[in-house]
Amino acid sequence: MVNSRVEASAVAVTGGSSSGRSCAGCGGRIADRFLLFSMERYWHTRCLKCSCCHAQLGEIGTTCYSKGGMILCKNDYIRLFGHSGACSACGQSIPASEMVMRAQGNVYHLKCFTCATCRNRLVPGDRFHYVNGTIFCEHDRPGGALLRSHLTPLQGNGMMPDQKVC
C-alpha cells in the first residue's frame, strides 16, 4: 500500500470509562477524557506524533500518514515521498516497504534508477549527473569528455533509502 493514509480522529470518552485501553505509543493506560484512534489502535493525544518532526498529530489536524513503519504529518509525508508515491521513471506505485533512490526531489524504484544512455543501474555511492531531469552515470554524462579535462565531476547527491531520511 503506497499512500497509507490514516485518519486520526479524536474520540470523546465520557466519565473516564476508557479503562482497559492502553496507548500504542507509550503503553500506558489511557485515562484521559480524550484519546485518538488511528491505525486500529488507541493513543494518548500527546503520544501520536510525527516520526520526523515530532509534532503532536492530534493538534495539527485530523489526518496522519503511515508509510515504511513511520507515522507522519502531511508536510513530512509529502517532503519524504512526494505527492503521488509513484516512481518518477516508470510511474508505477512504490510499496511502503521498498527502498528508493532520490534525485532532485524525485523518487525512483531501485531498479528504475538507471543511466539514460547505458541503462546500467546506479547504486548508493555511484557518481551520477542529473541533467534536465535525466539521470546519467559518470561515464555517459553529456559533454563529459570535454568537461573531464577541465572540471572535477559533480558528486551526485540526494541518494538515500527512505528509511534513513529523517
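Me: Which residues touch the most other members of the largest nonpolar core?
Reply: This is a predicted model, in which local features need pLDDT of at least 70, side-chain atom pairs count only at pLDDT 80 or more, and totals for chains, interfaces and linings use all residues. Residues are numbered from 1 along each chain as its sequence is written, and side-chain values use heavy atoms, with hydrogens and water left out. A nonpolar core is a set of buried Ala, Val, Leu, Ile, Met, Phe, Trp, Tyr and Cys residues joined through side-chain atoms within 4.5 Å, where buried means under 20% relative accessible area, exposed over 50% and partly exposed in between (1.4 Å probe, protein chains only). Among the 19 residues of the largest core, those touching the most other members are Trp43, Leu48, Cys50, Leu57, Ile71 and Leu72.

Me: Which element gives the most residues to this core?
Reply: Helices (H or I, at least four residues) and strands (E, at least two) are DSSP runs, numbered from the N terminus. Two or more residues of the core come from each of β3 (34–38), β5 (63–67), β6 (70–72) and α2 (74–81). With three residues, the element that gives the most is β6.

Me: Why is the pair of Phe113 and Phe128 classed as it is?
Reply: Rings of Phe, Tyr and Trp (its six-membered ring) pair if their centres lie within 6.5 Å; planes under 30 degrees apart count as stacked, over 60 as edge-to-face and the rest as tilted. Phe113 is buried at a relative accessible area of 0%, and Phe128 is buried at 3%. Their ring centres lie 5.4 Å apart and their planes stand at 80°, so the pair is edge-to-face.

Me: Which residues do ring pairs link into a cluster?
Reply: Tyr108, buried at 4% relative accessibility, has its ring centre 5.3 Å from that of Phe113, with the planes at 65°, so this pair is edge-to-face. Ring pairs thus join three residues into a cluster: Tyr108, Phe113 and Phe128.

Me: How far apart, N to O, are the side chains of Arg46 and Asp32 in their salt bridge?
Reply: A salt bridge is a side-chain nitrogen of Lys or Arg within 4 Å of a carboxyl oxygen of Asp or Glu, and a search of the whole structure finds one. Arg46 is partly exposed at 42% relative accessibility, as is Asp32 at 26%. The N to O distance in the bridge between Arg46 and Asp32 is 3.4 Å.
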